[in-house]
Amino acid sequence: QNSLILLDVIMPGVNGVDLLTMIKNNKHISNIPVIMLSAVDEIKTIIESISLGADDFLIKPVNKILLNARVNSSLEKKYFNDKEIEYKNKIKIEQKKSNDLLLNILPKSIAKRLKDGETLIADDFDSATVLFSDLKGFTELSSKLGTKDLLLLLNNVFSKFDLLLSKYSLEKIKTIGDNYMIAGGIPIKSKDHAYSVARMALDMLNIIPKINMETGHNLKIRIGINTGPVSAGVIGKSKFIYDLWGDTVNIASRMET
């Protein structure tokens, strides 16, 4: 908005400096430019006003040409200040979107390490628990359902599994097709990771019959779990992923199939 305040130092009932202080302390109007008007013998007050946030000053009697120049200058300055605030807010929004996207791809602690400048993230864990699951007969079902229906079904299943992750403080590693992979004890170490993964597996088994009742399908789930040493790290540069490897992971995958 093209708002501007011309404020006389001496006014009836209120001191111009006091009013200026009130304006600059009010967050709703503090960004409005203020040009102070004063007599020649009020220069000290003008200096005080500038230090309190006044944008400019004019000596009375006011010259119209000078007034127009100062007004245009103050409004132009406000315009660019407003644009700067607008751009900063847009940057904050985009940064939040980027951070949210990063947290959807990587565990929170790993995302923080990447933002802090770590370029090579690779950790060894003495003990972690890995779970693989997939939907038996899903390939056959996918040939019968349309793409949209298939996506809705898979999203329904995985969304319910995702809720269990928070309940048991576990980490989703990735999904490939109908395969859903999670781990416990990484990247944050914990003592009860095997118990937590087993509890989630039981809940996953209980969810499938309920989804079958809702959808009329006859889905069955296969689950493989293994506990042992695991290596973990971020793989890739542009489309990176937090992944696991080692015998513990391979055995869990074989047990699932």
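## A guided look at the predicted chain

Serine 74 is found in helix α3. Keep in mind that this is a predicted model.

Visitor: Let's stay with that residue: does serine 74 count as buried or exposed?

Guide: Happy to start there. Buried means under 20% relative accessible area. Serine 74 has a relative accessibility of 5%, so the class for serine 74 is buried.

Visitor: Which residues is serine 74 in contact with, leaving aside its neighbours within four places in sequence?

Guide: Isoleucine 35 is a good place to look, since the C-alpha atoms of serine 74 and isoleucine 35 are separated by 8.2 Å. Along the chain these two are 39 residues apart. With close sequence neighbours left aside, the contacts of serine 74 are Leu4, Pro33, Ile35, Asp55 and Asp56.

Visitor: And serine 30, where is its place, and is it buried, partly exposed or exposed?

Guide: Serine 30 sits in the loop between α1 (16-24) and β4 (34-38). Beyond residues up to four places away in sequence, serine 30 touches Ile23 and Lys24. Partly exposed lies between the 20% and 50% limits. Serine 30 has 26% relative accessibility, so its class is partly exposed.

Visitor: How far apart in space are serine 30 and isoleucine 43?

Guide: In sequence, 13 residues separate serine 30 from isoleucine 43. From C-alpha to C-alpha, the distance in space is 23 Å.

Visitor: Which peptide bonds ending at proline 61 and proline 187 should I look at, and are they cis or trans?

Guide: Most peptide bonds are trans. Proline 61 is in the loop between β5 (56-59) and α3, and the bond to it from lysine 60 has omega near -5 degrees. Proline 187 lies in the loop between β8 and α7, and the bond to it from isoleucine 186 has omega near -10 degrees. Both the bond from lysine 60 to proline 61 and the bond from isoleucine 186 to proline 187 are cis.

Visitor: What is the phi of serine 169, and is it positive or negative?

Guide: Most residues other than glycine have a negative phi. Serine 169 is in the loop between α6 and β7, and at 66% relative accessibility it counts as exposed. Although serine 169 is not a glycine, its phi is positive, at about 55 degrees.

Visitor: Which element gives the largest share of the lining of the largest pocket?

Guide: The largest pocket has a volume of about 560 Å³. Elements giving two or more residues to its lining include α3 (64-105), α6 (147-168), β7 (171-176) and α7 (193-215). The largest share is 5 residues, and the element supplying them is β7.

Visitor: Which residues lie nearest the centre of that largest pocket, and how many of its lining residues are nonpolar, polar and charged?

Guide: The pocket is lined by 30 residues. Nearest its centre lie Pro107, Leu165, Leu170, Glu171 and Lys172. By class, the lining divides into 14 nonpolar, 10 polar and 6 charged.

Visitor: Stepping back, how many helices and strands does the protein chain have, and what is its radius of gyration?

Guide: The protein chain has 8 helices and 10 strands. The globule rule gives 18 Å for 257 residues, and the chain's value is well over that, so the chain is more spread out than a compact globule. Its C-alpha atoms fill a box of roughly 90 × 45 × 35 Å along the principal axes. The radius of gyration is 32 Å.

Visitor: What percentage of the residues count as buried?

Guide: The protein chain exposes about 16100 Å², with carbon and sulfur atoms supplying 56% of that area. Of the 257 residues, the share that counts as buried is 35%.

Technical notes:
Residues numbered from 1 in each chain as written. Predicted model: local features only at pLDDT ≥ 70, side-chain atom pairs only at ≥ 80, totals over all residues. Heavy atoms only, no water. 1 Å grid on protein atoms, 1.4 Å probe; cavity = no way out; pocket = protein on both sides within 12 Å on 5 of 7 lines; lining within 4 Å. Points joined across faces, edges and corners; volume = space filled by probe spheres on them. Helix = DSSP H or I, 4+ residues; strand = E, 2+ residues; numbered from the N terminus. Nonpolar A, V, L, I, M, F, W, Y, C, P; charged D, E, K, R; others polar. Buried < 20%, exposed > 50% of the residue type's maximum accessible area, 1.4 Å probe, protein only. Contact = heavy atoms within 4.5 Å. Rg over C-alpha atoms; globule rule 2.2 N^0.38 Å. Areas by Shrake-Rupley, 256 points an atom, 1.4 Å probe, with all protein chains shown as cover.
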